[in-house]
Amino acid sequence: MVALIPQENMVAALVSRTGRHMQRYRKGHRQVVGCIPYRYKASKQTPLKNDAQELEVLVISSQKGKGMLFPKGGWELDESKEGAAERETLEEAGVRGLVERELGKWIFKSKSHDSQYEGYMFPLLVQEQLDFWPEKNLRQRVWMSVEEASEVCQHWWMKEALDRLVSRLTTQQQKDQGPVLKSRKENLIACL
């Protein structure tokens with residue numbers, strides 16, 4: 001016999017990890033990982049053109065209610081960096097997707113603790129947004145433009161990670177469009 005479990009019950013069973021007994025440290029720095037969840041939203045003016053797609057990123061409220069940031073948290077001993085980043089993003093923002101190549105590593109000082117942290121950030125191309133997730137009652141999540149996110153994000157190192165993501169996606173988009181533009185030019189010349 002197979003029983004179907006409603007999504008809200010499945011995700012509610014997933015609980016955020018707590019405590020620091022499994023946390024990774026390196027040279028006294030706590031290691032944290034996070035993601036910049038992103039998606040492309042079709043433009044209202046021309047919804048069918050690829051170049052009219054608008055990049056959006058998902059930011060979440062701080063647990064203490066002081067500002068917005070990208071999902072991040074402790075990298076634990078039993079996880080890969082990518083796995084920890086994906087877990088933190090699911091727990092804090094309620095999204096799943098494709099974790100892409102690391103954006104970089106930053107050393108920063110905690111605002112609330114007198115200690116140094118080592119932070120790693122990854123892009124996450126969102127494929128699923130959940131209605132229920134472990135920290136739904138603790139955080140707000142908001143999709144916004146890159147410009148808006150850069151203004152509201154409270155951490156300088158996350159803003160740098162966002163700049164790197166935008167640069168990477170822009171470069172990738174230019175590479176992807178290169179052969180298309182060349183073939184269009186060749187076709188136009190052939191028609192003349």
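Let's start inside the protein, at Ser61, which is buried with a relative accessible area of 11%. Since buried means under 20% relative accessible area, Ser61 falls within that class because its value is 11%. Bear in mind as you look around that this is a predicted model.

Where does Ser61 sit in the secondary structure? Ser61 belongs to strand β3, which covers residues 53-61. Its side chain has a polar partner: a polar atom there lies 2.8 Å from the backbone nitrogen of Gln140. Gln140 also turns up in the list of residues that Ser61 touches, once residues up to four places away in sequence are set aside; the list reads Gly67, Met68, Leu69, Leu138, Arg139 and Gln140. If you display these residues together with Ser61, you can follow the surroundings of this serine for yourself.

Now step back to the whole chain. How many helices and strands does the protein chain have? The secondary structure comes to 4 helices and 9 strands. Reading from the N terminus, the order of elements is α-β-β-β-β-β-α-β-β-β-β-α-α. Of the 192 residues in the protein chain, 40% are buried. As for the surface, the protein chain exposes about 11,800 Å², and 52% of that is supplied by carbon and sulfur atoms.

Contacts between residues distant in sequence deserve a look too. Taking the contacts in the protein chain between residues at least 6 apart in sequence, 69% join residues at least 24 apart. Leu103 offers a local example to inspect. This leucine is found in the loop between β6 (95-99) and β7 (104-109). Is Leu103 buried or exposed? Leu103 counts as buried because its relative accessible area is 6%, and the cut-off for buried is under 20%.

Which residues is Leu103 in contact with, leaving aside neighbours within four places in sequence? They are Ile36, Met121, Phe122, Pro123, Ala161, Arg164, Leu165 and Arg168. One of them, Arg164, is 61 residues away from Leu103 along the chain, yet the C-alpha atoms of the two are separated by 6.5 Å.

Finally, a word on the cysteines. Cys35 counts as buried because its relative accessibility is 0%. Cys153 is buried as well, with a relative accessible area of 3%. What is the count of disulfides? With a disulfide taken as a pair of cysteine sulfur atoms within 2.5 Å, the count comes to 0.

Note on methods: Residues are numbered from 1 along each chain as its sequence is written. This is a predicted model: local features need pLDDT of at least 70, side-chain atom pairs count only at pLDDT 80 or more; totals for chains, interfaces and linings use all residues. Side-chain values use heavy atoms; hydrogens and water are left out. Helices (H or I, at least four residues) and strands (E, at least two) are DSSP runs, numbered from the N terminus. Buried means under 20% relative accessible area, exposed over 50%, partly exposed in between (1.4 Å probe, protein chains only). A polar contact is a pair of N or O atoms within 3.5 Å; within protein, one must be able to donate a hydrogen and the other to accept it, and residues adjacent in sequence count only if both atoms are side-chain atoms. Contact means heavy atoms within 4.5 Å. Accessible areas come from the Shrake-Rupley method with a 1.4 Å probe; for residues, only the protein chains shown count as cover.
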